[in-house]
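Got your viewer open and a selection box ready? Load the model below and follow along, one stop at a time.

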Amino acid sequence: MRKKKLMVANWKMNPGSVAEARVLFGKTKLAGGKLDKVETVMCPPFPYLGLFAHAGTTRVSLGAQDVFWANIGRATGEVSPEMLKDVGASYVIVGHSERRALGETDEMVSKKLRAVLAEGLTPIVCVGEKERDVDGKYFDILKNQIKSSLAGIRRTDFREFVIAYEPLWAIGKSAREAMTPRDIRETSIFIRKVLADMYDATTAELPVLLYGGSAEGSNTAAILRDGGVSGLLVGHASLDASGFISMLKSANSI
Ligand code: PGA
């Protein structure tokens, strides 16, 4: 397991103003910068990325929420891996379920992953089932999603690679409705097994695994202790600086 916990703040389409973004970034960076057992990654919406250009440190990094799969071409509205690198982003979320819901396919995810890796950025690829059925079909759904999203990814690419497991049914709710640490652990083992079948047992241990879906202050420690993951992808709870800072401190104490 990775030594430092990886805590990724996915701000989604928030906050609504530059002024608020500056405050949120500033407070989180100040607190995150004091923690030696956590790497904090803040992923603001595109218009704010430039505000924090090269503000990253070894403890607090900058990430993007999406990316295009090429550096050149006619692509109105898109942002290239090269641009993200140039503003000092080091992580990129790829294939978030909210992007997939707007039409992003596994094939697009795999193209984006390859473009991100070619630029020397670290991808955070999101996978997760829509629902859990009693027959356990969700395992197959997850397996197929992982296999097609990772098409064309080589063993050596996994040295700097993050997989965020985010069951869709647990996103945007409250800690009470999040997945239990025990179920997260079971799924983490399953994901490593899928990777071992695709590659080999050693490679399967390389990517950093995160959990996302209603991670809040009250379940952070339990998930990090018992969920078989090295960190969290945090949505709504990352928008409240003091609440998110408590989560970072909690991660730092494990
Ligand atoms: P949430 O979002 O923490 O608000 O559930 C997580 C995510 O969608 O990345």
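This tour of a predicted model stops at the ligand, a helix, a loop residue and a pair of cysteines.

**Stop 1: the ligand.** Select the ligand and bring up its surroundings. The shell around it is made up of Asn10, Lys12, His96, Glu166, Ile171, Gly172, Gly213, Ser214, Leu233, Val234, Gly235 and His236. Colour that shell by residue class and you get 3 nonpolar, 7 polar and 2 charged residues.

Now show sticks for the polar contacts. Start with His236: a side-chain N or O atom there is 2.5 Å from an oxygen atom of the ligand. Then go to His96, where a side-chain N or O atom sits 2.8 Å from a ligand oxygen. At Ser214, look at the backbone instead, since a backbone N or O atom of that residue is 2.8 Å from an oxygen atom of the ligand. Switch on a surface and see how little of the ligand is left showing: on its own the ligand has 280 Å² of accessible area, and the protein covers 99% of that.

**Stop 2: helix H9.** Next, select residues 217–226, which form H9. Which residues of this helix are buried? They are Asn219, Thr220, Ala221, Ile223 and Leu224. To see what covers them, add strand S1 (5–10), helix H7 (181–198), strand S7 (208–212), strand S8 (231–234) and helix H10 (241–252), which are among the covering elements. Before you leave, step just past the end of H9 to Gly228, whose phi is positive, at about 70°.

**Stop 3: Glu104.** Jump to the loop between helix H4 (97–100) and helix H5 (106–118), and pick out Glu104. Is this loop residue buried or exposed? Glu104 counts as buried because its relative accessibility is 9%, under the 20% cut-off. Leaving aside residues up to four places away in sequence, Glu104 touches Asp66, Gly95, Arg99, Val109 and Lys112. Zoom in on Gly95 from that list: its backbone nitrogen lies 3.3 Å from a polar atom of the Glu104 side chain.

**Stop 4: Cys43 and Cys126.** Finally, select these two cysteines and draw a distance between their sulfurs. How far is the sulfur of Cys126 from the closest cysteine sulfur? The closest one is in Cys43, 9.5 Å away, which is too far for a bond. Cys43 is in no disulfide, and a search of the whole structure turns up 0 of them. Both cysteines are tucked inside: Cys43 is buried at 0% relative accessible area, and Cys126 is buried at 3% relative accessibility.

Technical notes: Residues numbered from 1 in each chain as written. Predicted model: local features only at pLDDT ≥ 70, side-chain atom pairs only at ≥ 80, totals over all residues. Heavy atoms only, no water. Buried < 20%, exposed > 50% of the residue type's maximum accessible area, 1.4 Å probe, protein only. Helix = DSSP H or I, 4+ residues; strand = E, 2+ residues; numbered from the N terminus. Contact = heavy atoms within 4.5 Å. Near = heavy atom within 4 Å. Polar contact = N/O pair within 3.5 Å; in protein donor to acceptor, adjacent residues only side chain to side chain. Areas by Shrake-Rupley, 256 points an atom, 1.4 Å probe, with all protein chains shown as cover. Nonpolar A, V, L, I, M, F, W, Y, C, P; charged D, E, K, R; others polar. Disulfide = S-S within 2.5 Å.
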